[in-house]
Amino acid sequence: MKSLVNKLFGTFFVVLSTSIAAYAQGDAKVDVKMDASQILVGDQARYFIEAQHNASQSKLQWATIPDTFNNLEIVEKGKIDTIKQGDLVTYKQRLLITGFDSGMHVIPSFVFPVIPNSGTAYTIQTDSLPLLVQTVAVDTTQPFKGIKEIMPVKTSWLDYIWYILGALLFLLLITVVIIYFVRNKKVAAPVTTPPPPQETLQEKALRMLAELERKHLWQGNQVKQYYVELTDILRGYIEARFNTPTMELTTDELLQSVRLNRELNKHAELLSAILYTADLAKFAKAQPLPHEHANAMELAIKFVNETKPAETPKQS
């Protein structure tokens, strides 16, 4: 392997040495070299230009290089690199040259004007180099072969293995995401219905009196039942409100108890009017008039409202 590399390098330097041309005049000079002296049709050869002059003594203008010449074409022009070493300036450019017509062709010389700071302008130029363009050798003893049809490329599932693995991985990720959200789904907190506000003794008594009034008992000749329910509501309210037994007491006993109670004492006359009217109706001693039925209800409501406990102010 090492001997082969050495052989190739040796051949390369031989080629370069045979394709180098230089021209100098005054303080300026120009060199050209090429990496091949012959190419196949359509192949490319690299053509190197290197021009040098003393910038303190003259100015150098780059040559005008056409794109085509002598059946050859320049397919690419490299940029012109500049290297400065003191007053000495070197310019370099690489050209890619090809040819499509077989035969020996000549790369012409290119002219570079040089304008000295003093004296007469002059030119330097590259030397012309030959380039042999050859065709591909054809064995004319072999018969011509026809153009073959396009052959389909055989494929197998292994050609799509990465697509299959990608799809499976995608499905796996989707499954993991779905399972994660299902397991971590937040359960909605149950809606709790606040308990209804607690009914006070006064509210309960007033509600029961209102319900009794809506029954229209005395209007339907159920006067006794009307007063039985009315006095039961009042007795139950007094017993709960003032912690005084009332349900088993007679009217006189109840009124006596009322008069002895500091809070109830001032309502004794009102209660007396209701209870005695009720006794007349319940025990058939007399038949109260319609306005007395309504008055008994109004007095009962008045009693409940007037015995409502005073509200305790909230502490801040």
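The questions and replies below walk through helix packing and nonpolar cores in this predicted model. Local features need pLDDT of at least 70 and side-chain atom pairs count only at pLDDT 80 or more, while totals for chains, interfaces and linings use all residues. Residues are numbered from 1 along each chain as its sequence is written, and side-chain values use heavy atoms, with hydrogens and water left out.

Me: How many Å does helix H3 reach from its first C-alpha to its last?
Reply: Helices here are DSSP runs of H or I with at least four residues, numbered from the N terminus, and H3 covers residues 201–215, which is 15 residues. The expected span is 1.5 Å times one less than the number of residues. For H3 the expectation is 21 Å, and the reach is close to it, at 21 Å.

Me: Where on H3 do its buried residues fall, and within what arc?
Reply: Buried means under 20% relative accessible area, with exposed over 50% and partly exposed in between (1.4 Å probe, protein chains only); in H3 this applies to Gln-202, Ala-205, Leu-209 and Leu-212. Taking the directions from the helix axis to the C-beta atoms, these buried residues line one face of H3, because they fall within an arc of 95°.

Me: Which helices do the buried residues of H3 pack against?
Reply: Contact is taken as heavy atoms within 4.5 Å. By that criterion, the buried residues of H3 pack against helix H4 (223–242) and helix H7 (290–306).

Me: Which helix supplies the largest share of the largest nonpolar core?
Reply: A nonpolar core is a set of buried Ala, Val, Leu, Ile, Met, Phe, Trp, Tyr and Cys residues joined through side-chain atoms within 4.5 Å. The largest one has 30 residues, and Tyr-227, Leu-230 and Phe-303 have the most contacts inside it. H3, H4, helix H5 (251–260), helix H6 (268–282) and H7 each supply at least two of its residues. The largest share, 9 residues, comes from H4.

Me: Are H4 and H7 roughly parallel or roughly antiparallel?
Reply: With axes fitted to C-alpha atoms over the stretch in contact, and angles running from 0 to 180 degrees between N-to-C directions, the axes of H4 and H7 come within 11 Å and cross at roughly 10°. The contact includes Tyr-227 and Leu-230 of H4 and Phe-303 of H7. Angles under 35 degrees count as roughly parallel, over 145 as roughly antiparallel, 65 to 115 as roughly perpendicular and the rest as oblique. The crossing angle therefore makes H4 and H7 roughly parallel.
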